[in-house]
Amino acid sequence: MTKVQLLNYDMAPGIVAFSTTRQGGCSTGNYASFSINRYCGDSEKHIVRNRELLCRQLGISDDRLIMPHQTHETHVACIDEAFLALSPNERQAALEGIDALMTNVSDVCIGVSTADCIPLLLYDSQHRAVCAIHAGWRGTVARIAEKAVQAMTDTYGTCSSDLVAQIGPGISLDSFEVGQEVFDAFTAAGFDMKLISKMYSKWHIDLPECNRQQLMASGVTADRIHLSSICTYKAHDTFFSARRLGINSGRIFTGILLPTTQSL
């Protein structure tokens with residue numbers, strides 16, 4: 001049986017957290033070989049098969065693998081029993097324009113799709129809740145990480161100092177060259193540019209560090225924030241990079257799952 005090759009994260013005992021790599025699926029070309037994103041041009045046949053492989057590996061059914069249609073906004077959706085009871089069409093509508101998911105339901109894998117943008121995972125051990133966040137530069141400027149922490153606080157009573165965070169593979173400072181308008185957007189949003197930017201021939205922005213700063217501003221302690229330190233642009237043979245492959249290419253899926261209490 002084909003095995004999906006995952007980058008696994010050790011966030012807490014019993015918690016399943018990972019990012020997919022480009023290995024272990026059936027997609028071809030710029031989607032080779034593992035991608036489950038339905039919004040980037042891959043064939044539905046390959047997506048269905050790849051989802052089957054991942055769900056089998058995770059030990060869940062396909063309807064419990066949840067990924068939104070991201071639009072670089074800051075909307076956070078709660079995946080609860082009411083959501084799980086929706087029809088497929090209702091689910092699709094509820095996931096439109098969503099860039100972060102949170103849940104406290106066991107045996108549900110929530111996740112986000114990236115290919116240079118920054119994926120973040122959060123785990124609240126006190127309330128047994130998790131969150132997956134997609135932070136492109138627009139979402140980062142709009143402080144999606146901070147808004148996701150606040151959403152968990154509002155929904156589950158999360159205390160930010162209890163959170164464990166994982167920042168997954170994404171484009172690095174060295175590789176993320178931006179125009180002056182992007183630099184100006186971060187400046188206007190109040191970020192400390194000395195911490196998150198550097199001038200080469202053009203400005204470069206450190207998206208992982210910018211999101212780390214947001215998590216700490218939200219009250220997550222520095223020692224509980226872990227970075228993969230993998231640059232997707234440099235490691236494009238292992239992880240998808242839209243800057244390398246173009247937008248019509250595969251995507252990394254970064255997910256988190258709470259196994260049933262009995263299995264912990």
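Ala77 stands opposite Leu101, a residue of strand 5, and this pair gives a convenient way into the structure, which is a predicted model. Strand 4 and strand 5 are joined by four bridges and run parallel.

## The six-stranded sheet

These two strands belong to an open sheet of six strands, arranged in the order 4-5-8-7-9-13 with mixed pairing. Strand 4 and strand 13 stand at the edges with a single partner strand each, so one side of each has no neighbour in the sheet. From one strand to the next, the twist averages 15°. Strands of a sheet pair through backbone hydrogen bonds, and they may do so in parallel or antiparallel fashion.

Within this sheet, strand 9 can be followed through its pairings on both sides. Five bridges join it to strand 7, and those two strands run antiparallel, whereas three bridges join strand 9 to strand 13 (residues 225–227), with the two running parallel. Gln166 takes part in both pairings, since in strand 9 it is the bridge partner of Leu121, while in strand 13 its own bridge partner is His226. Strand 9 is mostly covered, with five of its five residues buried; Leu163, Ala165 and Ile167 are buried on one side, and Val164 and Gln166 are buried on the other.

The table gathers three of the strand pairings in this sheet.

| Strands joined | Bridges | Direction |
|---|---|---|
| Strand 4 and strand 5 | Four bridges | Parallel |
| Strand 7 and strand 9 | Five bridges | Antiparallel |
| Strand 9 and strand 13 | Three bridges | Parallel |

## Helices lying across the sheet

Helix 5 lies across strand 4, strand 5, strand 7, strand 8 and strand 9, and runs at about 155° to strand 8. Helix 8 lies across strand 7, strand 8, strand 9 and strand 13, running at about 25° to strand 7. Helix 5 (residues 144–156) and helix 8 (residues 207–217) also pack with each other, at an angle of about 35° and with their axes 8 Å apart, and their crossing is right-handed. In this contact, Ile144, Ala145, Glu146 and Val149 of helix 5 meet Asn211, Gln214, Leu215 and Ala217 of helix 8. Sorted by class, the residues of the contact are five nonpolar, two polar and one charged.

## Nonpolar cores

In soluble globular proteins, nonpolar side chains tend to be buried together. Here the largest nonpolar core has 35 residues, and those with the most contacts inside it are Leu120, Leu122, Ile133, Met152, Phe186, Ile205 and Leu215. Both strands and helices contribute, for at least two residues each come from strand 5 (100–103), strand 7 (118–124), strand 8 (129–135), helix 5, strand 9 (163–167), helix 6 (180–188), helix 7 (193–196) and helix 8. Helix 5 gives the most to this core, with seven residues.

Phe186 can be looked at on its own: leaving aside neighbours within four places in sequence, Phe186 is in contact with Trp137, Thr140, Val141, Phe191, Met193, Ile196, Ile205, Leu207 and Cys210. Apart from the largest core lies another, of 24 residues, which includes Leu101, Leu121, Tyr123 and Leu258.

## A second sheet

Another open sheet is formed by five strands in the order 1-2-14-6-3, again with mixed pairing. Strand 1 (6–8) and strand 3 (65–66) are at its edges, each with a single partner strand, so one side of each is left without a neighbour in the sheet. Strand 1 is joined by three bridges to strand 2 (residues 16–20), and the two run antiparallel, with Asn8 standing opposite Phe18 in strand 2.

## Residues in the loops

Several loop residues deserve separate mention. Ala32 and Ser33 are joined by a cis peptide bond with omega of about -10°, and Ser33 lies in the loop between strand 2 and helix 1 (44–58). His72, in the loop between strand 3 and strand 4, has a positive phi near 60° although it is a residue other than glycine, and at 34% relative accessibility it counts as partly exposed. Arg143, which is found in the loop between helix 4 (137–141) and helix 5, is likewise not a glycine and has a positive phi of about 65°; its relative accessible area of 23% makes it partly exposed.

Asp80 is placed in the loop between strand 4 (76–79) and helix 2 (81–84), and is partly exposed, with a relative accessible area of 29%. Although Asp80 and Asn104 are 24 residues apart in sequence, their C-alpha atoms are 7.3 Å apart in space.

Definitions and conventions: Residues numbered from 1 in each chain as written. Predicted model: local features only at pLDDT ≥ 70, side-chain atom pairs only at ≥ 80, totals over all residues. Heavy atoms only, no water. Axes fitted to C-alpha atoms, helices over the stretch in contact; angles between N-to-C directions. Left-handed = near helix turned anticlockwise from the far one by under 90°. Contact = heavy atoms within 4.5 Å. Nonpolar A, V, L, I, M, F, W, Y, C, P; charged D, E, K, R; others polar. Pairing = 2+ DSSP bridges. Core = buried A, V, L, I, M, F, W, Y, C linked by side-chain atoms within 4.5 Å. Buried < 20%, exposed > 50% of the residue type's maximum accessible area, 1.4 Å probe, protein only.
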